[in-house]
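Please open the model in your viewer and keep the selection tool at hand. The stops below begin at the ligand and end at a pair of rings.

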Amino acid sequence: TERTFSILKPDATRRNITGAVNALIEGAGLRIVGQRRIQMTKAQAEKFYEVHKERPFYGELVEFMTSGPVVVQVLQGENAVAKYREVMGATNPAQAAEGTIRKQFAESVGENTVHGSDSQENAKLEIAQFFQDSDLT
Ligand code: ATP
Ligand code: MG
């Protein structure tokens, strides 16, 4: 079994659809073993997205991720990293497959409802930024 890190982004909390997103996550066989609703600080968002800091959308991304509450989660299941990427769908909702979270809910490439780790290594690093092992059950 494997764990991945997920964020339900501010567009999800704003529209009150976090339960609907969680239903798709659980429907795919992923278990939510840690979950907390937080307001990210600018410093937290900057650190979290540090790999993108040279990209033109970095400032906009940090601004968006701090524009309202988010739900940080740890998801567990078989091949959790790859499975969640599949459930999320493509970054750009216009290219997301039918049945995916982003196809159903995302508004744009920037406001795309969810984040999911892109590798097991990053999953570990991202989980550690927001959760202690003893919080995960
Ligand atoms: P995430 O990392 O959030 O799970 P991802 O791996 O599908 O999404 P990345 O390429 O890692 O996409 O980009 C990180 C985030 O940056 C995207 O989810 C999106 O919110 C934002 N982003 C990516 N490309 C653009 C863009 N061209 N314009 C605005 N925002 C963008
Ligand atoms: Mg990414």
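A polar contact here is a pair of N or O atoms within 3.5 Å; within protein, one must be able to donate a hydrogen and the other to accept it, and residues adjacent in sequence count only if both atoms are side-chain atoms. This is a predicted model, in which local features need pLDDT of at least 70 and side-chain atom pairs count only at pLDDT 80 or more, while totals for chains, interfaces and linings use all residues. Residues are numbered from 1 along each chain as its sequence is written, and side-chain values use heavy atoms, with hydrogens and water left out.

Select ligand 1 together with Val109, where a polar backbone atom of Val109 is 3.5 Å from an oxygen atom of the ligand. Add Thr91, which places a polar side-chain atom 2.4 Å from an oxygen atom of ligand 1, and then Arg85, whose polar side-chain atom lies 3.1 Å from an oxygen atom of ligand 1. Taken alone, ligand 1 exposes 580 Å², of which the protein buries 81% (accessible areas by the Shrake-Rupley method with a 1.4 Å probe).

Next, widen the selection to the 16 residues that surround ligand 1, each having a heavy atom within 4 Å of it; Lys9, Asn112, His115 and Gly116 are among the closest. Colour helix H4 (58-65) and strand E4 (114-116), each of which supplies at least two residues of this shell, with E4 giving the largest share, 3 residues.

Finally, select Phe5 and Phe48, whose ring centres are 5.7 Å apart with planes at 55 degrees, so the pair is tilted (centres within 6.5 Å make a pair; planes under 30 degrees apart count as stacked, over 60 as edge-to-face and the rest as tilted). Phe5 belongs to strand E1 (residues 2-8) and Phe48 to helix H3 (residues 42-48), 43 residues apart.

Methods:
Chains lettered and ligands numbered in written order. Helix = DSSP H or I, 4+ residues; strand = E, 2+ residues; numbered from the N terminus. Phe/Tyr/Trp six-rings, centres within 6.5 Å; stacked < 30°, edge-to-face > 60°.
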